[in-house]
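The exercises below ask you to read a fold from its strands outward, and each is followed by a solution that goes step by step. Please keep the sequence and the structure open side by side while you work.

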Amino acid sequence: MKKFEIKVPVDVASFDELSEMEQRLVVMAREATHRSYAPYSHFCVGAAILLDGEQIVTGSNQENVAYPSGTCAERTACFYAHAQYPDSRFKMIVIAARGTDGEFVENPVAPCGACRQALLEYETLAGHDVKVILCGKDKFYILPSVKSLLPLAFVEF
């Protein structure tokens, strides 16, 4: 039997250590959490995507009593981004969340598996790595790509 390890590089930064554009996206992702419709989980998520034309698209989670008919913030943002800017490619995505207490979560929260797979589709379409920033209250995880969130991804054969 052969064994291998998968290692994912993650930088941990404070808000002040982020670039001006990264800070702008953090603010926009956090603002998007206030547009969530989360009457069941009370967990509000926002996402901001930077496109190669410097457009920024945001999304928030939208729940529905007929679970799983709702959608996550990341998929709301990425589907809207591609629908409105089909020739643009993703450069970066930032994800923020507020917990059931209404406060931003202490530790950064990563996307669910369905969102990871959907985002990977757009990273593949872009033809380059799409930076991912996961927001906590005072710390931020910076990953080099969507693929780093889903190292053994399902891909078309």
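**Exercise 1.** Which residue in β6 is the bridge partner of L134?

*Solution.* The coordinates to be inspected belong to a predicted model. Begin with the two strands concerned: β5 covers residues 131-135, and β6 covers residues 140-143. These strands pair in the antiparallel sense over 4 bridges, and they form a hairpin with 4 residues between them. Following the ladder from L134 across to β6, one arrives at Y141, which is its bridge partner. Turning to the other neighbour of β6, one finds that Y141 also stands opposite V12, while β1 and β6 are joined by 3 bridges and run antiparallel.

**Exercise 2.** Determine the order of the strands in the open sheet, and identify its edge strands.

*Solution.* As background, the strands of a sheet pair through backbone hydrogen bonds, either parallel or antiparallel. Here the open sheet has 6 strands in the order β1-β6-β5-β4-β2-β3, and its pairing is mixed. The edge strands are β1 (11-13) and β3, since each of them pairs on one side only. From one strand to the next the twist averages 20 degrees. A helix can then be added to the picture: α1 (residues 20-33) lies across β2, β3, β4 (90-98), β5 and β6, and it runs at about 145 degrees to β2.

**Exercise 3.** Is I142 buried or exposed, and which residues does it touch beyond its neighbours in sequence?

*Solution.* First place the residue: I142 is found in strand β6, where it stands opposite D11. Next compare its accessibility with the cut-off, which is under 20% for a buried residue; at 14% relative accessibility, I142 therefore counts as buried. Then list the contacts, leaving out residues up to four places away in sequence: I142 touches P9, V10, D11, A13, L18, K131, V132 and I133. One of these partners, V10, is 132 residues away from I142 in sequence, yet the two C-alpha atoms are 5.6 Å apart in space.

**Exercise 4.** Describe the hairpin of β2 and β3, and state how many residues of β3 are buried.

*Solution.* Start with the ladder: 5 bridges join β2 (residues 44-51) to β3, and the two strands run antiparallel. Within this pair, A48 stands opposite T58 in β3. The hairpin has 4 residues between its strands, and E54 lies in this loop between β2 and β3. Finally, check the burial of the second strand: β3 (residues 56-60) is mostly covered, with 4 of its 5 residues buried.

**Exercise 5.** Examine the backbone at E54, H42 and the peptide bond between Y67 and P68, and say what sets each apart.

*Solution.* The expectation comes first: most residues other than glycine have a negative phi, and most peptide bonds are trans. Against it, E54 has a positive phi of about 70 degrees although it is not a glycine; with a relative accessible area of 41%, E54 is partly exposed. H42, in the loop between α1 and β2, likewise has a positive phi, near 60 degrees, and at 43% relative accessibility it counts as partly exposed. The third case concerns a peptide bond, for Y67 and P68 are joined in the cis form, with omega at about 10 degrees. P68 has its place in the loop between β3 and α2.

**Exercise 6.** Where is S88 found, and which residues outside its sequence neighbourhood is it in contact with?

*Solution.* Locate S88 in the loop between α2 (73-84) and β4. Its relative accessible area is 11%, so that S88 is buried. Leaving aside neighbours within four places in sequence, S88 is in contact with L51, D52 and Q55.

**Exercise 7.** How many residues line the largest pocket, and how do they divide by character?

*Solution.* The largest pocket holds about 320 Å³ of space, and 15 residues line it. Those that lie nearest its centre are E63, Y67, G70, T71 and C72; Y67 is also the residue joined to P68 by the cis peptide bond. Sorted by character, the lining comprises 6 nonpolar, 7 polar and 2 charged residues.

How values were computed. Residues numbered from 1 in each chain as written. Predicted model: local features only at pLDDT ≥ 70, side-chain atom pairs only at ≥ 80, totals over all residues. Heavy atoms only, no water. Buried < 20%, exposed > 50% of the residue type's maximum accessible area, 1.4 Å probe, protein only. Pairing = 2+ DSSP bridges. 1 Å grid on protein atoms, 1.4 Å probe; cavity = no way out; pocket = protein on both sides within 12 Å on 5 of 7 lines; lining within 4 Å. Points joined across faces, edges and corners; volume = space filled by probe spheres on them. Nonpolar A, V, L, I, M, F, W, Y, C, P; charged D, E, K, R; others polar. Axes fitted to C-alpha atoms, helices over the stretch in contact; angles between N-to-C directions. Contact = heavy atoms within 4.5 Å.
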